[in-house]
Amino acid sequence: MAQQEDVFKKIVSHCKEYGFVFPSSDIYDGLGAVYDYGQNGVELKNNIKQYWWQSMVLLHQNIVGIDAAIFMHPTTWKASGHVDAFNDPLIDNRDSKKRYRADVLIEDQIAKYDEKIEKEVSKARKRFGDSFDEVMFCSTNQRVLDIKAKRDALHERYAQAMNAGDLNELRQIILDEEIVCPISGTRNWTEVRQFNLMFKTEVGSTAEGASTIYLRPETAQGIFVNYLNVQKTGRMKLPFGIAQIGKAFRNEIVARQFIFRMREFEQMEMQFFVKPGTELEWFQKWKQTRMAWHQALGFGAENYRFHDHDKLAHYANAATDIEFHMPFGFKEVEGIHSRTNFDLSQHAKYSGKKIEYFDPDTNESYTPYVIETSIGVDRMFLSVMCHSFEEEQLPGGETRTVLHLPAALAPVKLAVFPLTKKDGLPEKAQEIINDLRFHFNCKYEEKDQIGKRYRRMDAIGTPYCVTVDPQTLQDNTVTLRDRDTMEQRRVNISELRGIIEDQVSITSLLKKLL
Ligand code: GAP
């Protein structure tokens with residue numbers, strides 16, 4: 001675990017050192033849970049967004065995109081339930097004056113029980129070697145059974161308190177479990193209170209004329225309120241989807257794990273409108289489609305899992321998360337929900353508009369049901385970074401830091417180096433870039449020896465490097481180096497585009513989805 005935490009710290013520093021992610025307003029010492037993407041980060045992020053967007057709107061004839069405004073009519077958030085129910089339970093420690101999410105404190109306590117069990121298992125594995133049977137051990141070892149019983153009882157009590165919105169019970173659990181503040185080490189806790197996560201601001205110039213509006217906490221509502229506009233103007237027939245990428249804002253109480261939980265973040269959401277009664281079939285289809293999208297990146301099926309929700313929101317009739325194996329455990333990257341007709345019906349009720357679909361096949365009107373796929377761009381970015389980062393031991397005792405990014409997502413696809421800064425080599429290198437830059441992102445580098453330039457490109461995940469040397473001027477060939485194998489081969493300049501373009505294009509990923 002500690003080793004994984006070290007790796008995660010290295011990834012965070014790497015992101016800053018190589019222009020991927022900076023703390024927001026860094027010169028003023030940053031702003032909690034807000035980050036800026038640097039010169040390489042923005043390219044990687046744009047590539048992730050392009051991969052998602054194209055997989056939705058290019059590969060599906062019945063999915064179209066929109067780009068709704070961040071500000072929406074305040075009644076939107078009343079109708080969606082966010083004004084009344086988009087809350088986290090918070091608790092303060094009176095000694096440290098630090099604020100925590102009560103649910104997170106309890107979930108961390110549950111995780112501690114899990115860690116204890118894991119410790120027992122790994123001790124036993126060492127003791128018994130190859131003959132170790134984990135299932136048998138966990139079902140018979142008394143110590144493990146005792147810890148598991150405590151863990152399960154806590155989990156049950158916690159789930160009941162959360163479902164009932166019982167804040168006193170949440171506090172009582174924290175007291176009974178003797179959970180202490182990590183800063184002060186004391187159990188001097190306040191009451192638990194509900195805290196709405198939406199940021200408020202005012203629109204209008206005078207105090208009297210101004211009205212409160214919210215920064216949207218999800219992009220989905222921009223799609224729901226445009227359902228009729230898109231359906232009518234696009235003459236869309238059910239089933240059809242509307243996709244959107246955009247910023248969302250949540251006043252998260254506990255900001256943790258770098259860009260995993262941010263106050264300003266980006267979502268890629270798609271609402272798929274279907275005929276009532278067919279939604280569970282579509283839910284299963286979208287689960288498979290979305291999992292395939294993740295797995296096409298080649299990070300290994302073992303690093304993903306579904307977490308099906310057993311406790312459903314009152315308006316949902318199925319829900320699952322796609323979790324990815326981050327250095328700090330399996331964590332949600334995407335949510336897939338069957339949201340019934342809740343949102344459209346609520347907006348119909350609050351707006352007084354009829355929001356329905358006339359089905360020409362059956363001659364009836366109804367409110368469509370919705371399957372939602374919702375993924376955080378920043379979490380996706382983090383999962384890509386975590387999986388790609390490696391401190392690789394090389395023969396001879398050297399190490400190199402390399403990002404094994406999927407080539408289609410890499411910020412720079414090809415780096416071109418003149419071996420020296422003279423004899424016409426820089427001009428020849430520039431000529432290659434001038435030719436290839438229309439097809440993919442190329443970078444010119446002439447500083448330092450070639451070895452150092454390779455290392456810099458490895459660190460930002462550039463899949464190919466080309467070196468121009470005196471032989472190039474005679475026979476138009478260059479050395480082409482592969483990031484992962486570090487193998488070099490001599491190829492003709494005229495072949496470069498053909499070799500590289502296919503490997504680095506988003507199309508190469510999209511083709512895996514068909
Ligand atoms: N419209 C549904 C919705 O917003 P959600 O589970 O609250 O559902 C969907 O969010 C996705 O948005 C999450 O799976 C996660 O990837 C991302 N996300 C949510 N809150 C986030 C935060 N504070 N920071 C970064 N990403 C976040």
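In this predicted model, the centres of domain 2 and domain 3, taken over C-alpha atoms, are separated by 50 Å. Domain 2 covers residues 87–196 and domain 3 covers 395–513, while domain 1 is made up of two stretches, 1–65 and 212–393.

A good place to start looking is an open sheet of five strands, which follow one another in the order β20-β19-β21-β22-β23 with mixed pairing. The edges are held by β20 (442–444) and β23 (488–492); each has a single partner strand, so one side of each is left without a neighbour in the sheet. On average, and ignoring direction, neighbouring strands here are turned by 30 degrees against each other. Within the sheet, β19 (residues 414–418) runs parallel to β21 (residues 464–468), and five bridges join the pair. Valine 416 can be found opposite valine 466 in β21. Helix α15 (residues 450–460) packs on this sheet and touches β19, β20, β21, β22 (477–482) and β23, its direction making about 165 degrees with that of β19.

Turning to the ligand, 18 residues surround it, and those that come nearest are Glu218, Met262, Glu269, Glu332 and Val333. Glutamate 218 places a polar side-chain atom 2.6 Å from a nitrogen atom of the ligand. For glutamate 269, a side-chain N or O atom lies 2.6 Å from a ligand nitrogen atom. Glycine 376 takes part through its backbone, with an N or O atom 3.0 Å from an oxygen atom of the ligand. On its own the ligand has 550 Å² of accessible area, of which the protein covers 91%. Two or more residues of the shell come from each of β10 (264–274), β13 (329–338) and β16 (369–376), and β13 gives the largest share, four residues.

Note on methods. Residues are numbered from 1 along each chain as its sequence is written. This is a predicted model: local features need pLDDT of at least 70, side-chain atom pairs count only at pLDDT 80 or more; totals for chains, interfaces and linings use all residues. Side-chain values use heavy atoms; hydrogens and water are left out. Two strands pair if DSSP finds at least two bridges between them. Axes are lines fitted to C-alpha atoms, for helices over the stretch in contact, and angles run from 0 to 180 degrees between N-to-C directions. Contact means heavy atoms within 4.5 Å. Domain bounds come from an automatic or database domain assignment. A residue is near a molecule or strand if one of its heavy atoms lies within 4 Å of it. A polar contact is a pair of N or O atoms within 3.5 Å; within protein, one must be able to donate a hydrogen and the other to accept it, and residues adjacent in sequence count only if both atoms are side-chain atoms. Accessible areas come from the Shrake-Rupley method with a 1.4 Å probe; for residues, only the protein chains shown count as cover.
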